[in-house]
Amino acid sequence: MKGFAMKKIGEVGWIEKEKPKCGPLDALVRPLALAPCTSDIHTVYEGALGEREDLILGHEAVGEIVEVGELVKDFKVGDKVLVPAITPDWSSLEAQRGYAMHSGGMLGGWKFSNIKDGVFAEYFHVNDADANLALLPEGIDPAVGTMLSDMVPTGLHGAELAEIGFGEDVLVVGIGPVGLMAVAGSALKGAARILAVGTRPNCVKVAKEYGATDIISYKDGPIEEQVMKLTNGKGVDKVILAGGGIETFKTAVKVIKPGGIVANINYLGSGDYIEIPRLDWGVGMGHIKIVGGLMPAGRMRIERLANLVLTNRLDPSKLITHKFEGFENLDKAFDLMYKKPKDLIKPVVLIK
Ligand code: NAD
Ligand code: ZN
């Protein structure tokens, strides 16, 4: 079968591979819609996870089941399914602790395009199908469904990690698709003011539609100065980091109030250490929590997020700015994600 792969650090291309085998608890799926992710870009061009040779990329998909293992109970051949980016082993000790995304070790639930071939293939393998897949609901089209693989669960997790409460002021750093979903998640959780950092005009427009009250451009000077000015020197209750690099932690700690939470959902592709400004961190006693997390996954989670779409509380279709038809155009969508033209939020590839 054909797949679009990371050949080595800095190089992508089409490769031929054997069709994966389906174990007793697993499913084989063929894609109906695919989306590339900024994480694939970090992995390939920054070598952020280390070397990978001929690893098929991609972890955002809606697909159709072509084979199921004999122990799979709830899915059958022909079912159309939402496929989460993270597919944990649900019997692991990490899952029992509540951190299934780290099943088998740090980030271990992130299998596609990390430790096994991803979804940018004619067929891909899903472990633990009953626990990891969800039926694609009628009323959600496959393109929008791909936003439920990673963008919605990750962005909304930013708001969960930040423990947003009613009436709080939040700063969201980065308004690519992930940050935009963090803005929407903050609004859903009852934030009052949502300050959003970003520059691409489409992203700014959509950020406002999802609930951003103030837009900050990091190109107009230090973010912390702009935040302090906008908040009359008070700062914000919570910060969600969804873009930029390791320097954003410094910014976050500088603008957060005592007792605040800095929640990172950004994939830090480079740099060895994160600096925390000692004084701003209350010389270690400011009750400022710094957390970061990979998106939670699982069938119940993805079904619940789909319900947000079905009840019109969340409209992830606004993230899709570019659509391609045909598997063979995947490389073009991937290239867009790499080059990030000004009008891009998220490209999707539709497959018949
Ligand atoms: P994106 O590139 O589309 O958006 C990044 C945003 O950051 C843009 O708004 C950009 O203007 C802003 N930005 C860039 N440089 C900045 C700076 N110096 N200071 C402040 N802001 C800056 O990316 P995306 O697709 O939205 O993804 C965001 C991040 O989330 C990526 O690192 C991606 O790999 C990661 N991610 C994490 C998970 C997870 O499970 N935690 C899942 C998917 C993606
Ligand atoms: Zn991703």
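## Strand β3 and its partners

A residue is counted as buried here if 20 or more other C-beta atoms lie within 10 Å of its own C-beta atom, placed from the backbone. In this predicted model, seven of the eight residues of strand β3 (residues 27-34) meet that condition, so the strand is largely enclosed by the rest of the structure.

Strand β3 pairs with β5 (residues 61-68) in the antiparallel sense over seven bridges, with Ala27 standing opposite Val68 and Leu34 having Ala61 as its bridge partner in β5. Three bridges, again in the antiparallel sense, link β3 to strand β7 (residues 124-126), where His125 is the bridge partner of Leu28. Strand β16 (residues 346-350) runs antiparallel to β3 and is joined to β3 by two bridges, and in this pairing Ala33 stands opposite Leu350. Strand β5 in turn runs antiparallel to strand β6 (residues 80-83), to which four bridges join it; the bridge partner of Glu64 in β6 is Lys80.

## The sheet of β1, β2 and β4

An open sheet of three strands has the order β2-β1-β4, with antiparallel pairing. Because β2 (11-16) and β4 stand at the edges, each with a single partner strand, one side of each is left without a neighbour in the sheet. Strand β1 (residues 2-8) and β4 are paired over two bridges in the antiparallel sense, and Met6 stands opposite Leu55 of β4.

## Gly58 in the loop after β4

Gly58 is located in the loop between β4 (55-56) and β5. Is this glycine buried or exposed? Gly58 is buried, because 27 other C-beta atoms lie within 10 Å and the cut-off for a buried residue is 20 or more.

Apart from its neighbours within four places in sequence, Gly58 is in contact with Leu34, Pro36, Asp40, Phe112, Ser113, Gly118, Val119 and Phe120. For one of these residues, Pro36, the separation from Gly58 is 22 residues in sequence and 5.9 Å in space, C-alpha to C-alpha.

## Two domains and their contact

The domain assignment of the protein gives domain 1, which consists of residues 2-150 + 295-350, and domain 2, which consists of residues 155-292. The C-alpha centres of domain 1 and domain 2 lie 27 Å apart, and 17 residues of domain 1 are in contact with 16 residues of domain 2. On the side of domain 1 that touches domain 2, α1 gives the most, with three residues, and the residues of this side divide into seven nonpolar, four polar and six charged.

A separate description comes from the UniProt record, an unreviewed entry, in which the annotation "domain: Enoyl reductase (ER)" covers residues 23-350. The end C-alpha atoms of residues 23-350 lie 28 Å apart, and the span is 28% helix and 21% strand.

## Helix α5

Ten of the eleven residues of helix α5 (residues 151-161) are buried, so the helix is largely enclosed by the rest of the structure. The buried residues of α5 are Met151, Val152, Pro153, Thr154, Gly155, Leu156, His157, Gly158, Ala159 and Leu161.

Against which elements do the buried residues of α5 pack? Two of the elements are the helices α6 and α10 (299-310), and the others are the strands β12 (236-241), β13 (256-264), β14 (289-292) and β16. Strand β16 thus appears in two settings, since β16 is packed against by buried residues of α5 and is also joined to β3 by two bridges. Following α5 comes Glu163, whose phi is positive, near 50°.

## The surroundings of ligand 1

Ligand 1 is surrounded by 28 residues, of which the closest are Gly174, Gly176, Gly243, Gly244 and Tyr267. The elements that give two or more residues to this shell are α1 (38-45) and α6 (177-188). By class, the shell has 13 nonpolar, 13 polar and two charged residues.

The shell around ligand 1 draws at least three residues from each of domain 1 and domain 2. Helix α1 therefore contributes in two places: α1 gives two or more residues to the shell around ligand 1, and α1 also gives three residues to the side of domain 1 that touches domain 2. Helix α6, the other element named for the shell, is among the elements against which the buried residues of α5 pack.

Technical notes: Residues are numbered from 1 along each chain as its sequence is written. Chains are lettered from A and ligands numbered from 1 in the order in which they are written. This is a predicted model: local features need pLDDT of at least 70, side-chain atom pairs count only at pLDDT 80 or more; totals for chains, interfaces and linings use all residues. A residue is near a molecule or strand if its C-beta atom, placed from the backbone, lies within 6 Å of it. Ala, Val, Leu, Ile, Met, Phe, Trp, Tyr, Cys and Pro count as nonpolar, Asp, Glu, Lys and Arg as charged, and the others, Gly among them, as polar. Domain bounds come from an automatic or database domain assignment. A residue is buried if 20 or more other C-beta atoms lie within 10 Å of its own, exposed if 12 or fewer, and partly exposed in between; C-beta atoms are placed from the backbone. Two strands pair if DSSP finds at least two bridges between them. UniProt positions are given in the numbering used here, feature names are shortened, and annotations may be inferred rather than shown by experiment. Two residues are in contact if their C-beta atoms, placed from the backbone, lie within 7 Å.
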